[in-house]
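This report describes how the parts of one protein structure pack against one another. The reader is invited to keep the sequence and the three-dimensional view at hand while reading.

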Amino acid sequence: MCAMTAIERPLSPHLTVYRLPLAAWMSITHRMTGLALAVGVVALAAWLIAIALGPGPFAVVQDWAGSWLGILCLAGWVFSLFYHLCNGIRHLLWDAGFGLNLSAIRASNRVVLVAGLGLTALALLLAFIVVWSGP
Amino acid sequence: MSATRHWWRQRLTAFFLIPLGIWLIASLVALADADCAMIRLWLSRPLVASLMALTLVLGAWHGALGVRVVIEDYVPGHGLQRGLIAFSNCIMSLVASAALLAILVVAMEG
């Protein structure tokens, strides 16, 4: 038995040389966007607390949201929400037993990516129009 | 919490967060250039305050459930796992409670 543990067996899959399929990358992205959204909940709470505290604290949050870092984070959260939402619907359908064969998964890969990116682009475009058109 | 209950709660919160998530982004886009007074007026409407409270509670809950899975998958050691999960649950509960209080304050003051 001791000899068995001493033998260096090959590990599978070879994650360093194995080209992950798109569905695997999308699964990883689902988790990353989920973590980003957990941070987003904290940011949303901070925004609501600033609104409750009044114009002073609200201006601090608004200044950050208008900075380049703020815009980058907001855009990231919008993408995270739409991607996680679209891929989440796919997960719920999988849980219900729909779309579990390979060709359906390849098709739904595309649907989730296009819908997630499309909704993100639409939301960001509308937000910029609202800001630039001004009061 | 049993694994089955965790699984069901994750799916149930996810289901309700689909419309709430779309509503949240649509609202934030519409409010992109609003000042504090306008947002307070919007947030003090009973339907908006209720939807925002629901979004926050379900979002924080779903987030805590999801972060737990990530910790269980990637953090080695049972003790460290338990500690980090408790820490994340604490943060999410605190954040949700503070935000609920903020919504309540705005809803009362207008």
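Gln10(B) touches His62(B), Leu65(B), Gly66(B) and Val69(B), when residues up to four places away in sequence are not counted. Gln10(B) itself sits in helix H1 of chain B. With a relative accessible area of 17%, Gln10(B) is buried, because the cut-off for a buried residue is under 20%. The model is a predicted one, and every value in this report is to be read in that light.

**Confidence in chain A**

The mean pLDDT of chain A is 92, and 90% of its residues score at least 70. Within chain A, confidence is lowest in helix H1 (residues 2-6), where the mean is 56. It is highest in H4(A), where the mean is 98.

**Two helices and their lengths**

Helix H1 of chain B has 28 residues, and its first and last C-alpha atoms lie 40 Å apart, close to the 40 Å expected at 1.5 Å a residue. H1(B) has a kink of about 40° at Leu17(B), shortly before the proline Pro19(B).

Helix H5 of chain A covers residues 102-133 and has 32 residues; its span from first to last C-alpha is 46 Å, close to the expected 46 Å. Which residues of H5(A) are buried? They are Ile105(A), Ser108(A), Asn109(A), Val112(A), Gly116(A), Thr120(A), Ala123(A) and Ala127(A). An α-helix has 3.6 residues a turn, so residues three or four places apart point the same way. The cover over the buried residues of H5(A) includes H2 and H4 of chain A together with H1 of chain B. Just after H5(A), Gly134(A) adopts a positive phi of about 65°.

**Buried residues and their surroundings**

Four buried residues are set side by side below.

| Residue | Place | Relative accessible area |
|---|---|---|
| Gln10(B) | helix H1 of chain B | 17% |
| Ile25(B) | helix H1 of chain B | 9% |
| His30(A) | helix H2 of chain A | 14% |
| Ser44(B) | loop between H2 and H3 of chain B | 18% |

Leaving aside neighbours within four places in sequence, Ile25(B) is in contact with Val78(A), Leu81(A), Phe82(A) and Ala123(A). Ala123(A) is also one of the buried residues of H5(A). The C-alpha atoms of Ile25(B) and Ala60(B) are separated by 16 Å, with their positions 35 residues apart along the chain.

On the same basis, His30(A) is in contact with Tyr83(A), His84(A), Asn87(A), Gly88(A) and His91(A). For Ser44(B), the C-alpha atom is 13 Å from that of Leu100(B), a residue 56 places away along the chain.

**Nonpolar cores**

The largest nonpolar core has 35 residues. Those with the most contacts inside it are Trp47(A), Leu48(A), Ile39(B), Trp42(B), Leu43(B), Met52(B) and Leu56(B). Which elements give two or more residues to this core? They are helix H2 (22-53) of chain A together with H1, H2, helix H3 (46-74) and helix H4 (78-109) of chain B. The largest share, nine residues, comes from H3(B).

Ile39(B) touches Trp47(A), Ile51(A), Phe58(A), Leu31(B) and Ala34(B), again without its neighbours within four places in sequence. Another core lies apart from the largest one and has 10 residues, among them Leu37(A), Leu81(A), Phe82(A) and Ala127(A). Two of these, Leu81(A) and Phe82(A), are among the contacts of Ile25(B).

**Aromatic pairs**

A pair of aromatic rings is described by the distance of the centres and the angle of the planes. Over all chains, the count comes to six aromatic pairs. In one of them, the ring centres of Trp64(A) and Trp77(A) are 6.4 Å apart and the planes stand at 50°, so the pair is tilted. This pair links distant parts of the chain, with Trp64(A) in helix H3 (residues 55-66) and Trp77(A) in helix H4 (residues 68-95) of chain A, 13 residues apart. Trp64(A) counts as partly exposed, at 34% relative accessibility.

The aromatic pair of Trp23(B) and Trp42(B) is stacked, with 6.1 Å from centre to centre and 20° between the planes. Trp23(B) belongs to helix H1 (residues 3-30) and Trp42(B) to helix H2 (residues 36-43) of chain B, 19 residues apart. Trp23(B) and Trp42(B) are both buried.

Methods: Residues are numbered from 1 along each chain as its sequence is written. Chains are lettered from A and ligands numbered from 1 in the order in which they are written. This is a predicted model: local features need pLDDT of at least 70, side-chain atom pairs count only at pLDDT 80 or more; totals for chains, interfaces and linings use all residues. Side-chain values use heavy atoms; hydrogens and water are left out. Rings of Phe, Tyr and Trp (its six-membered ring) pair if their centres lie within 6.5 Å; planes under 30 degrees apart count as stacked, over 60 as edge-to-face and the rest as tilted. Helices (H or I, at least four residues) and strands (E, at least two) are DSSP runs, numbered from the N terminus. Buried means under 20% relative accessible area, exposed over 50%, partly exposed in between (1.4 Å probe, protein chains only). A nonpolar core is a set of buried Ala, Val, Leu, Ile, Met, Phe, Trp, Tyr and Cys residues joined through side-chain atoms within 4.5 Å. Contact means heavy atoms within 4.5 Å. pLDDT is the predictor's confidence in each residue, from 0 to 100. The expected span of a helix is 1.5 Å times one less than its number of residues. The bend at a residue is the angle between axes fitted to the seven residues ending there and the seven starting there.
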